[in-house]
Amino acid sequence: MKTLREESALLPAEAVFRQVVPAGDYWIDTLKQDQVLRIVDVEGNQSADTLFFNAADIADRYSAVDTIREQRNVYLRCGSKLLSTSGNVLAQIVADTVGRHDTLGGACAGESNTVRYALEKRTMHSCRDSFILAVSHHDHLGLGKRDLTHNINFFMNVPVTQDGGLSFADGLSGPGQYVELRAAMDIIVLISNCPQLNNPCNAYNPTPLEVLIWNPDVR
Amino acid sequence: MSGESAIYETLIEGGKHWSFTMRAGMQLRLIDSNGGANVGMLLYNPQNVLERYNAPDTLKCQHTFKLTKGHCLYSDMGRIFCSIIDDSVGWHDTVCGTSTQRLVAERWGERSYQQYRNGWTQNGQDAFLVEGAKYGLGRRDLAANVNWFGKVCAAEDGALSFDAANSPAGGYVDLRFEMDSLVLLHTCPHPLNMSDQYPRNPVLVRFSKAKPVGGDDFCVYSRPENARGFANTELYRLCGSEAGGGRAV
C-alpha cells in the first residue's frame, strides 16, 4: 500500500493553544486562515470524528464526497485538500505520520449502533450526540442537526476492496501519531473524540486526543 | 420480482429533475432506457425532513462500498427508506456526490437557458436545490446522494475509477419502500463521467405496489444488521408514522 508520511517541523512549545480532549467529549473552535491545527492520537487507534465549516457561511461545509471525487481517491493523506459543498478548499493536510484516514464511515450514533450491534445499544453515548451537544452549547454559531453531515475519521482505517466491500481494519495509527491541517480560510472545526465501546478498532477502549494550534508567523 | 402492474410510468429525459413521495409498500423501478444513464437521488422522511438518507451509515451497516440487490438505504435514524429487491446492473455509486455548476461548465461548457432552452446543461446540485426547496430544504440539507447506474471502483491505494460501460440499455433497479419517503431525483450526468459531450440519457420511472415482505425476504436476511434495520422501521411504521401500519407485513 502506498502511503505518504510527512512529519511536521512545528514545536509544541511554540503552539498558541494546547488542549487534551477526553474520549466522549467534543472540541469546537474557529481557526483563522493559515493557522495550523495538529490532532494527536495520544494513546493510539482512537478516532477523531471531525467536521469543518466555512466560518463566513455555515452552509458551505466539509463535503466528504466532493473531497474524494475531486482528488480521485477515497483515502485522505498528506496533501489532501478538504473541499466544501461549494467546491472551496477549507483546509489542507500538511503533515501526517499515519498515512491514511477515513472519510467514508461517518460518525457513530445511537440509532446506527442499534443496526450495527444490537437494538439495546440505542442509549449508548455516540459521536453524533457529542456533535449535537457541541452545536447546542454553542448555538450562537447557528449550527444544528441538519449541519452534522459526513465527517472525517482521522486515524481510522477503513479499506475498500476492489469488488466493492468495506472493512473496518485495525488502525495504522499508534501512540503519539498525528495529523496537521492548515486552514485555507477562517473555519469552524468540530471534533468528537469517539466514545464507541462496541468496535474492536480501538480495542473497546476509547482514549484521549490532544489538539494544538500554531499561528502562521511561527513557520 | 417486478411487483404488480404499473400504477404510473413516465420517461425523464437526461439532465432533468423531479420529486415525489413514495408511501411504505410502494415500489419504484428505474430503467436505464439507452444505457449509460445516471440518477442522482436523495431521500427524506416527509414527516420530519431532518431524518434523511445517510450514505456512511448505509455503507458501514452493510460493510459495502457499492449498492446492489439485497442492500437497504438507511436513514440517519437507523431505519430503512427502501430496499433494493432487484438489480440487473450490479453496482451503484453513493460516494462521489453530484455534479455542480462549476464541474459542468469546466467539462462541457455552459449552455444557457436563453440560447438552448431545455437543452441547457443542468447540474445535479442545482437540480437537488430546486426540488428540495419545494419541501423547505436548502443547501444545508443536501448530503451524499446515490448515483443509480454509476460504478466507481477503488484500487488498493484508494484511486477511483469510473466505469462508463457499467449500465447497459434496459438495465434496471427495483426499490421497495419500507417507510414513507420523500424522493428527490435528477438525471444529470455522474460527476466522474468524462464523455466528450454532456451525457443526456433518459430514465424510465415506474411506480407499482410492492409484494408484501415475505418471511424469507432477501433484503431482510441479507445481513443480520438489516433484520435489525427492518425491526426499527417496523416499530416506526406501527407506532410513529402518520399512516400507521402502511401495510401488513
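Me: A residue is buried if 20 or more other C-beta atoms lie within 10 Å of its own, exposed if 12 or fewer, and partly exposed in between, with C-beta atoms placed from the backbone. Which of these is A:D34?

Reply: This is a predicted model, where local features need pLDDT (the predictor's confidence in each residue, from 0 to 100) of at least 70, side-chain atom pairs count only at pLDDT 80 or more, and totals for chains, interfaces and linings use all residues. Residues are numbered from 1 along each chain as its sequence is written, while chains are lettered from A and ligands numbered from 1 in the order in which they are written. A:D34 has 15 other C-beta atoms within 10 Å, so A:D34 is partly exposed.

Me: What is the phi of A:D34, and where does A:D34 lie?

Reply: A:D34 is not a glycine, yet its phi is positive, at about 75°. Strands here are DSSP runs of E of at least two residues, and helices runs of H or I of at least four, numbered from the N terminus. A:D34 sits in a loop of chain A, between β2 (26-31) and β3 (36-41).

Me: Is A:Y204 buried or exposed?

Reply: A:Y204 is another non-glycine residue with a positive phi, about 60°. The loop that holds A:Y204 joins β10 (187-193) and β11 (209-214) of chain A. Because A:Y204 has 10 C-beta neighbours inside 10 Å, it counts as exposed.

Me: Which elements of chain A give two or more residues to the side that touches chain B?

Reply: Contact here means C-beta atoms, placed from the backbone, within 7 Å. By that test 36 residues of chain A are in contact with 43 residues of chain B. The elements giving two or more residues to that side of chain A are α1 (64-71) and α2 (110-116).

Me: What is the radius of gyration of chain B?

Reply: Chain B has 6 helices and 13 strands. The globule rule (2.2 Å times the number of residues to the power 0.38, with the radius taken over C-alpha atoms) gives 18 Å for 249 residues; the value for chain B is close to that, so chain B is as compact as a globular protein of that length. Its radius of gyration is 17 Å.

Me: Over which residues of chain B is the pLDDT below 50?

Reply: The mean pLDDT of chain B is 95, and 95% of its residues reach 70 or more. The stretch below 50 has 14 contacts in the model beyond near neighbours in sequence. Where pLDDT is low, predicted coordinates should not be read in detail. The stretch in chain B is residues 245-249.

Definitions and conventions:
Contact = placed C-beta atoms within 7 Å.
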